[in-house]
Amino acid sequence: MTAFLLALGWSVTATPAPALAAGPTTFTSTAAIDVPAAGSANQEGPASPYPSTIAVSGMTGVVTTVTVTLHDLTHGSVGDVDAMLVAPSGENLIFLSDVGDPGPGNPGAQLVLANNIDLTFADAAAAPVPRQLHLATGTYKPTNTDTGTADTFPGAAPAPSDETTLAGAFTGIDPNGTWSLYVVDDNSGDVGNIAGGWSLSVATQAAAVATQTTVATSATPSTTGTPATFTATVTSGGSPVTAGTVQFSDGANDLGSAVAVNASGQASLSTTSLTEGTHRIEATYGGATGFLTSNGSVNQRVDNATVVTGNTFCNPGPLAVPSLGTAQPYPSNIFVSGLSGTITKVTATLKGLSHQSPGDLDVLLSGPTPGTNLFLMSDSGGNTPVSGADVTFADDAGGGVPNPLVSGTFQPTNSDDGSSDVMASPAPTPGSATTLATFDGSSANGQWSLWVVDDASGDSGEISGGWCLTVTTQSATATSLTSSPNPSVDGQGVTFTATVTSSGSPVTSGTVAFTDGGASLATVSVDAAGSAVMSTSALGVGTHTVTATFSGTSSLAASSDSLDQVVTQAAAPTATTLTSDENPSSLGRSVSFTATVTSGTDPVTDGSVTFHIDGTTMSVPVDHTTGTATYSTATLSIGTHTVTAEYGGTGAYLTSTSNTVQQTVRPVADAGGPYVVGEGDGMTLDASGSSPGLSYHWDLDGDGDFGDASGIAPTVSWADLQALGIDDGPATHEVAVRVSGNGQSVDSATATLTVGNTAPTSVISGDLSATAGVPFTVKVGAHDPSSADMAAGFTYAIDWGDGSPVETLTGPADPPATHTYGSAGAVRLSVTSTDKDGGAGTAASVQVQVSAAPSPTPSPTGSSGPTASPSSSPSSSPSSSPSSSASGILPVTGGDVEPGWLGLGAVLLIAGSTLLFLARHRRSASGPRR
């Protein structure tokens with residue numbers, strides 16, 4: 001079947017086989033036990049025998065249940081009896097302790113007597129040992145009313161466990177071996193015995209598995225009257241146990257009925273019945289077939305809700321004080337919230353204090369700040385019983401706690417040095433503070449705790465009405481003091497202003513006291529702006545330490561501030577005169593403004609002068625010798641600037657303001673130069689030395705019109721210069737530039753322009769072929785960039801190249817020149833022209849080809865005339881004539897021949913030759929002349 005379910009994917013939890021029970025079996029020791037041992041000092045200490053033992057043997061399986069019985073118990077105070085059962089393997093449980101002492105829900109101590117009764121202790125019992133005077137025989141739950149003072153067992157006894165049930169201590173162990181009973185009387189004054197000894201009943205199971213129970217709470221701390229939910233989880237080997245029930249208990253008291261575990265192995269219980277204090281909530285799993293019992297626990301802190309009235313905070317819950325140990329609850333808490341600022345005063349009140357011996361009480365108050373605490377009372381109040389007293393503790397009370405103790409207000413009182421006062425855990429270690437002022441300056445908000453211990457046995461009591469705290473807090477303030485003027489002069493009114501704030505906001509109530517040293521000046525109320533203002537002119541010459549002290553209020557702390565007010569002799573009047581070293585000035589050039597401060601006719605040599613230029617200020621100290629202050633700047637822009645100077649005064653001198661200077665700043669003009677240009681050349685002007693970023697206009701011909709050129713570096717051609725009448729050199733002219741900016745300020749500058757003479761260029765033009773003996777004519781000429789030079793004409797020096805003297809000719813640019821070469825050949829003709837200014841150019845030369853003169857033409861045969869030369873024959877080719885090669889005019893410039901006009905000479909030469917030939921021919925025909 002299991003395999004079938006697994007195949008379906010179902011989860012199967014194996015259930016242990018039914019266990020076989022062994023027992024319960026009872027084992028008994030009949031030996032009487034004296035409590036304490038006979039002859040014990042102060043009737044307290046270990047019992048005799050110590051321990052009493054029982055041997056268990058022959059049992060199989062493991063323990064499932066244990067019960068223990070004390071036979072024929074007699075004792076004058078059962079609350080003094082502590083009994084611990086120890087198993088053979090060392091597990092142990094205190095099953096009887098502090099019966100009748102106060103605990104959760106039990107505010108007062110109760111004396112419990114026993115007279116030959118049998119007390120049986122079993123987990124399944126209905127209730128713990130009752131708080132009643134005469135205890136009866138019966139079966140009870142293990143009962144340990146722990147008051148916070150740990151139970152100690154001397155000798156070889158083990159340290160007590162924290163288990164609270166027999167099942168929790170012993171379930172699952174091997175029962176066989178020696179079980180021990182340790183009994184102690186832990187308080188003096190009463191004795192007793194267990195006359196019939198004691199017995200142990202043990203039940204086991206042979207086949208059962210162990211379980212584990214854990215407990216969780218919904219919230220801790222919780223508040224009385226509100227639900228707290230506890231959840232127990234039962235497992236075995238890590239798997240949930242799904243059978244059985246869990247019983248929840250608060251110490252020895254069950255909380256409701258047992259709760260069945262669910263499919264998750266959990267059982268839950270909610271309760272609103274928990275009283276103030278720390279509760280050990282235990283969940284006991286009762287076991288099931290195949291499962292042993294187990295238990296677990298959780299501590300649940302429960303506090304009363306704090307009752308708030310104004311700045312008084314109360315916990316009205318009672319505190320039960322045992323005959324020895326910690327009160328219940330321990331501690332009692334008050335929760336303070338909503339208070340701003342820091343503590344300035346704390347008072348504490350115990351309401352309804354009753355005790356048979358109040359000197360046994362140690363009452364420690366601790367605050368929210370860790371480590372801050374003090375004893376309200378310790379070892380004080382005497383041994384006279386007090387009942388229902390309301391006791392208030394305040395530092396400003398008239399005295400300490402009285403003896404005997406009565407209702408009233410007293411200073412905290414610790415009548416020893418504190419070294420012997422030991423407060424049970426979890427109380428803090430007591431500090432050395434002796435006044436409630438130890439809490440001053442800290443925040444009041446948080447948990448305050450009252451820890452009460454009865455440190456001597458035999459007496460008990462209570463604080464039936466709980467306790468209260470009254471907390472006064474004040475927010476910190478800050479006071480800031482200023483004065484004006486400071487320094488001041490004797491007899492001058494001075495105003496002092498104290499500004500009071502708290503957390504950055506103005507303080508609008510309270511007063512400020514002004515004092516000069518120890519002398520009162522005035523007390524002034526703080527206004528709606530947080531200020532207190534007073535004025536006085538009665539301070540004498542000297543330095544006065546003035547203090548403003550804010551008085552504080554019930555919610556605001558006091559604060560103060562001080563300053564030194566310097567009062568000097570009355571100051572002398574002054575006069576300030578302002579001058580500029582250059583006005584107007586040029587843009588970019590430094591201008592110095594000098595303020596001269598005098599008092600009467602004497603220079604003022606202390607203090608400083610503030611220069612104001614167009615709203616900008618600069619402070620300069622006065623020269624200690626001259627009484628002057630100078631400020632220089634090169635950054636003033638073009639335009640007019642308003643400048644004033646103000647002397648600031650000192651303790652000895654009054655302030656004064658100067659005259660106003662209107663400083664004009666003009667642009668800087670720079671025409672550059674000097675400029676040098678030759679006739680025919682252009683030029684570039686340069687105004688880059690002027691103020692940048694402005695407008696630049698030029699006058700080049702001196703007529704006052706600045707429209708000849710524009711720009712910072714314009715280029716001017718020779719034609720432009722000629723158009724302006726600058727045409728001939730050598731000559732010197734003045735050029736000017738005008739610079740303007742912002743449409744309001746101008747500046748101009750001039751430079752020289754030197755025009756140098758440029759020598760003319762010589763020109764030769766005409767036919768470059770000549771005939772010896774025949775006049776030869778060419779045109780000489782010159783080119784000059786100056787129109788004036790061209791109009792004036794030139795002087796020409798002509799070297800005909802045949803060794804004849806240089807011929808000088810004066811004339812216009814192209815006069816003709818004639819020369820007759822005597823012989824044939826190639827000659828170099830050169831001409832140098834000189835202008836009116838003496839400028840001589842480079843010689844121009846050409847080569848002239850000079851032909852031989854033509855021979856006469858021979859006469860015909862029989863003729864008496866000469867025979868014409870073959871070359872003169874009309875049939876001769878024109879190309880054979882020396883002149884026939886000249887086909888035109890070749891002008892020559894700079895030494896090179898350029899074609900000219902020689903054709904006319906050639907024509908005339910040919911015509912002459914022809915006429916000569918015809919005349920000769922005619923004479924030949926007519927016969928010789930006679």
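**Exercise 1. The open five-strand sheet**

Task: State the strand order of the open sheet of five strands, and determine which strands stand at its edges.

Solution.
1. In this predicted model, the open sheet of five strands runs in the order S65-S71-S70-S67-S68, and its pairing is mixed.
2. Strand S65 (769-771) and strand S68 (807-811) each have a single partner strand, so they stand at the edges and one side of each is left without a neighbour in the sheet.
3. On average, and with direction ignored, neighbouring strands of this sheet are turned by 30° against each other.
4. The edge strand S68 is joined to strand S67 (residues 794-799) by five bridges, and the two run antiparallel.
5. The register can be read from one residue pair: Phe 794 has Gly 811 in S68 as its bridge partner.

**Exercise 2. The partners of strand S29**

Task: Establish how many residues of strand S29 (residues 342-355) are buried, and describe its pairing with S37, S32 and S36.

Solution.
1. Ten of the 14 residues of S29 are buried, which leaves the strand mostly covered.
2. With S37, strand S29 pairs in the antiparallel sense over eight bridges. Val 346 has Val 471 in S37 as its bridge partner.
3. With strand S32 (residues 386-393), S29 forms five bridges, again in the antiparallel sense. Here Leu 353 is matched with its bridge partner Ala 389 in S32.
4. With strand S36 (residues 461-463), the antiparallel pairing of S29 rests on three bridges. Leu 353 stands opposite Ile 463 in S36.
5. Leu 353 thus appears in two contacts, with Ala 389 in S32 and with Ile 463 in S36.

**Exercise 3. The disulfide**

Task: Identify the cysteines of the one disulfide in the structure, assign its handedness, and locate both ends in the chain.

Solution.
1. The disulfide joins Cys 314 to Cys 468, with an S to S distance of 2.0 Å. This value satisfies the cut-off of within 2.5 Å for the sulfur atoms.
2. The torsion about the S-S bond of Cys 314 and Cys 468 is about 110°, so the disulfide is right-handed.
3. Cys 314 belongs to strand S25 (residues 312-315) and Cys 468 to strand S37 (residues 467-474); the pair therefore ties together parts that are 154 residues apart in sequence.
4. Both Cys 314 and Cys 468 are buried.
5. The strand that holds Cys 468, S37, is also an antiparallel partner of S29.

**Exercise 4. Aromatic pairs**

Task: Classify the ring geometry of Phe 170 with Trp 179 and of Phe 776 with Tyr 821.

Solution.
1. The whole structure contains nine aromatic pairs.
2. For Phe 170 and Trp 179, the centres are 5.2 Å apart and the angle between the planes is 65°, an edge-to-face pair. Planes over 60 degrees apart count as edge-to-face. Phe 170 and Trp 179 are both buried.
3. For Phe 776 and Tyr 821, the ring centres are 5.9 Å apart and the planes stand at 45°, so this pair is tilted.
4. The latter pair links distant parts of the chain, 45 residues apart: Phe 776 lies in strand S66 (residues 775-783), whereas Tyr 821 lies in the loop between strand S69 (816-820) and strand S70 (825-834).
5. Phe 776 and Tyr 821 are both buried. Together with Trp 800, Phe 776 and Tyr 821 form one aromatic cluster.

Technical notes
Residues numbered from 1 in each chain as written. Predicted model: local features only at pLDDT ≥ 70, side-chain atom pairs only at ≥ 80, totals over all residues. Heavy atoms only, no water. Helix = DSSP H or I, 4+ residues; strand = E, 2+ residues; numbered from the N terminus. Buried < 20%, exposed > 50% of the residue type's maximum accessible area, 1.4 Å probe, protein only. Pairing = 2+ DSSP bridges. Axes fitted to C-alpha atoms, helices over the stretch in contact; angles between N-to-C directions. Phe/Tyr/Trp six-rings, centres within 6.5 Å; stacked < 30°, edge-to-face > 60°.
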